[in-house]
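I opened a new notebook page for this model and wrote down what I looked up, in the order in which I looked.

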Amino acid sequence: MPSKKIILRFSPETSDKPIIYHLVKDFDLVVNIIKAHINPDKEGTLVLELTGERYEEGINFLKEQKITVQRLAEQINYHKERCTSCGCCTDSCPTGALYLQRPSMQVNFDGDKCIVCQMCVKVCPMKAMEVCF
Ligand code: SF4
Ligand code: SF4
């Protein structure tokens, strides 16, 4: 049975719900937590790999809980040659994968921290961040 990777986004109101418990117990899904992050405003991001016959039911449950569900792209490519270090992406990046290096003020990308949420792709004016499916 193939596994599917998804990214979940939680508002402060939904970030404390026991959703892993429900996915496993109520929908017989095997859940592999790949990455998890919560910011100081209690907005959460969770990257999961789900396996099980009742995958669609589990996804519908998540949506009913007002959790945003998105299919996960394979990875993000950072095109350094296009990046002007404008800094537009660093505030949007929930994990600090894109960060401003001081004192040079150059923007760097740490792929190990990237959860492929694609926020940077939306805000980058130079199309330096690219999604690869
Ligand atoms: S996709 Fe972009 S914004 Fe999201 S975690 Fe990766 S680098 Fe940060
Ligand atoms: S928004 Fe784009 S151009 Fe600006 S720092 Fe980020 S990656 Fe570089």
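How many salt bridges are there between domain 1 and domain 2? I took a salt bridge to be a side-chain nitrogen of Lys or Arg within 4 Å of a carboxyl oxygen of Asp or Glu, and the count between domain 1 and domain 2 is 0.

Before going on, I noted the ground rules: this is a predicted model, in which local features need pLDDT of at least 70 and side-chain atom pairs count only at pLDDT 80 or more, while totals for chains, interfaces and linings use all residues. Residues are numbered from 1 along each chain as its sequence is written, chains are lettered from A and ligands numbered from 1 in the order in which they are written, and side-chain values use heavy atoms, with hydrogens and water left out.

**Entry on the whole chain.** I found 3 helices and 8 strands, where helices (H or I, at least four residues) and strands (E, at least two) are DSSP runs numbered from the N terminus. Read from the N terminus on, the order is β-α-β-β-α-β-β-β-β-α-β, and the C-alpha atoms fill a box of roughly 50 × 30 × 20 Å along the principal axes.

**Entry on the two domains.** The bounds, which come from an automatic or database domain assignment, give domain 1 as 4-71 and domain 2 as 75-132. I noted 25 Å between their centres, taken over C-alpha atoms, and a contact (heavy atoms within 4.5 Å) that takes 8 residues from domain 1 and 10 residues from domain 2. The two domains bury about 620 Å² between them, 50% of it on carbon and sulfur atoms; buried area here is the accessible area (1.4 Å probe) that two parts lose on being put together, summed over both. Arg9, Lys35 and His37 supply 59% of the area that domain 1 buries against domain 2, more than any other three residues.

**Entry on the ligands.** I next asked which residues come nearest to each ligand, counting a residue as near if one of its heavy atoms lies within 4 Å. Around ligand 1 there are 14 residues, of which Cys93, Cys114, Cys117, Gln118 and Cys120 come nearest, and the shell divides into 12 nonpolar, 2 polar and no charged residues. Around ligand 2 there are 13, with Cys83, Cys86, Gly87, Cys89 and Cys124 nearest, and that shell has 10 nonpolar, 3 polar and no charged residues. For these classes, Ala, Val, Leu, Ile, Met, Phe, Trp, Tyr, Cys and Pro count as nonpolar, Asp, Glu, Lys and Arg as charged, and the others, Gly among them, as polar.

**Entry on single sites.** By the salt-bridge rule the count comes to 2, and one of them joins Asp28 to Arg54, with the closest N and O atoms 3.6 Å apart. Asp28 is in the loop between α1 (19-27) and β2, and Arg54, 26 residues apart from Asp28, is in the loop between β3 and α2 (55-64). Most residues other than glycine have a negative phi, and most peptide bonds are trans. I therefore marked two sites against that background. Lys42, in the loop between β2 and β3, has a positive phi near 65°. A cis peptide bond with omega of about 10° joins Arg102 and Pro103, and Pro103 is placed in the loop between β6 (98-101) and β7 (106-109).
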